[in-house]
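The questions below go through one protein model, from its overall confidence and fold down to single residues, and each is followed by a reasoned reply.

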Amino acid sequence: MSHDKHGFDTLAVHAGQSPDPTTGAVMTPIYQVSTYAQEGVGGHKGYEYSRTDNPTRTAMQACLAALEGAKHGLAFASGLAATDVILRALVRPDDLVICGDDVYGGTYRLFDKVLRHWGVSFRYADFSTADPNMVIPAGTRLVWLETPTNPLLKVSDIAAVAARCKAVGAILVVDNTFATPYFQRPIALGADIVVHSVTKYINGHSDVVGGFAALNDDALYDKLKFLQNAAGAVPGPQDVWLTMRGVKTLGVRMERHQQNAQRILEYLRNHPDVQKVFHPMDSPVAQKQMSGFGGMISFELKGDLDRARRFVAATKLFTLAESLGGVESLIETPALMTHASIEPAKRREAGIEDGLIRLSVGIESVEDLIADLDAAFKA
Ligand code: P1T
């Protein structure tokens, strides 16, 4: 199927998938298999061993790559496994990596507690305010950009960062987990690699942990593909099949996440107990580079940390849990949960207060979600 001629929602349903030639099965089968018969040594049909390639994974990779407008796609066992492979395939000791100052806590932990000890230098910058020419020096090997950021939802100008990366020969990786390709296409804006925690909106149902990388460049792809196989952090066929099923509704889910989030945003902005609200739509860059803003909202309450703790424990429809992007609404306190692996001083420097609350707004009836928040305010 030619990918250029079809709309996003058509690709989400069909890309990489066609009826099974042997049975006519409309859905790609779950190839629950580790190895493949060979007619003679080396005489196989493109599949030798499922760490290297598996037909269900091939279909899922082609589908997600099409959604990002990329030539190549690679699936991993988690978002962090994708991050780990990208860094270890492309960065060497003494290389310099510039990373956003507000990223998922686990990404920071991998950079600071694991890869730094291999001799890689990491510097952190607020790409939402800094001039890329000032914070990306000549000689930078790789730039890691999350936009919108987790959890402060700061937005950075991907095209401007990409231009600076091109000028200094750095590889630009954009973590597109929060926006999804439905609302933002980093490769079209000049990014070299797009990465996802598939666990979130892409799968969308909080029943799979997975990761993904999409890219156009053949030489970079060969390096990542080599390490995907050599290190082996690949997802199993059941998980990639569930992901393919989930991503078929990405467009309709994102519309509803966004619609509900807009109503809740309005509610929070008008609530007298809310100190500050964080949302991507406040950024002029987001208005230019995104076609929508998604379902994430962060906010601070008036009062002490204890009030925030009581608030997140009091909601009933918003489940107190890590993660995001599923059809059901979740609530958490990043400083105490998803970003607890960042040192408190560093967290505060980045603007993540201990009492910050993060909502992943689901697709439930929005009146019920607002009533749930209302009850928690009164509790
Ligand atoms: O959890 P995993 O699939 O390994 O993905 C890591 C990851 C990468 N990038 C972003 C932007 C993420 O938000 C995550 C995971 N985040 C959470 C679990 C969370 O609750 O924020």
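Q: In which secondary-structure element is confidence lowest, and in which is it highest?
A: The model is predicted, and the mean pLDDT of the protein chain is 97, with 99% of its residues at 70 or more. Among the elements, helix α13 (residues 344-350) has the lowest confidence, at a mean of 93. The highest value, 99, belongs to strand β5 (residues 171-175).

Q: How many helices and strands does the protein chain have, and how compact is the chain?
A: The secondary structure amounts to 14 helices and 12 strands. For 379 residues the globule rule gives 21 Å, and the radius of gyration is close to that, so the chain is as compact as a globular protein of that length. The C-alpha trace spans about 75 × 50 × 35 Å along its principal axes. The answer is therefore 14 helices and 12 strands, with a radius of gyration of 21 Å.

Q: What share of the contacts with a separation of 6 or more is between residues 24 or more positions apart?
A: Burial gives the background here, as buried residues make up 55% of the 379 residues in the protein chain. Among the contacts with a separation of 6 or more, those between residues 24 or more positions apart account for 73%.

Q: How far apart are the mean positions of the positive and negative charges of the protein chain?
A: The accessible surface comes to about 15,700 Å², and carbon and sulfur atoms hold 54% of that area. The chain carries 37 positive and 43 negative charges, and the distance between their mean positions is 2 Å.

Q: Is His257 buried or exposed?
A: His257 sits in helix α10, which covers residues 250-269. Beyond its neighbours within four places in sequence, the residue is in contact with several glycines, including Gly294, Gly295, Gly325, Gly326 and Gly362, and also with Tyr201, Val327, Val361 and Ile363. Its relative accessibility is 0%, which is under 20% and therefore makes His257 buried.

Q: What is the distance between the C-alpha atoms of Ile187 and Asn216?
A: Ile187 lies in the loop between α7 (180-183) and β6 (193-197), and because its relative accessibility is 11%, it counts as buried. Not counting residues up to four places away in sequence, Ile187 touches Glu68, Gly69, Ala70, Val194, Ala214, Leu215 and Asn216. Asn216 is 29 residues apart from Ile187 along the chain, while the C-alpha atoms of the two are separated by 8.2 Å.

Q: Which residues does each cis peptide bond join in the loop between β4 and α6?
A: Most peptide bonds are trans. Pro148 is placed in the loop between β4 (142-146) and α6 (158-168), and Pro151 is found in that loop too. The cis bond to Pro148 has omega of about -5°, and the one to Pro151 has omega near 10°. The joined residues are Thr147 and Pro148, and Asn150 and Pro151.

Q: Asp94 and Leu153 have a positive phi; which counts as buried and which as exposed?
A: Most residues other than glycine have a negative phi. Asp94, in the loop between α3 (79-90) and β2 (96-100), has phi of about 80°, whereas Leu153, in the loop between β4 and α6, has phi near 60°. The relative accessibility is 71% for Asp94 and 4% for Leu153. By these values the exposed residue is Asp94, and the buried residue is Leu153.

Technical notes: Residues numbered from 1 in each chain as written. Predicted model: local features only at pLDDT ≥ 70, side-chain atom pairs only at ≥ 80, totals over all residues. Heavy atoms only, no water. Helix = DSSP H or I, 4+ residues; strand = E, 2+ residues; numbered from the N terminus. Rg over C-alpha atoms; globule rule 2.2 N^0.38 Å. Buried < 20%, exposed > 50% of the residue type's maximum accessible area, 1.4 Å probe, protein only. Contact = heavy atoms within 4.5 Å. Areas by Shrake-Rupley, 256 points an atom, 1.4 Å probe, with all protein chains shown as cover. Lys, Arg positive; Asp, Glu negative; His and termini not counted. Charge placed at Lys NZ, Arg CZ, Asp CG, Glu CD. pLDDT = per-residue confidence, 0-100.
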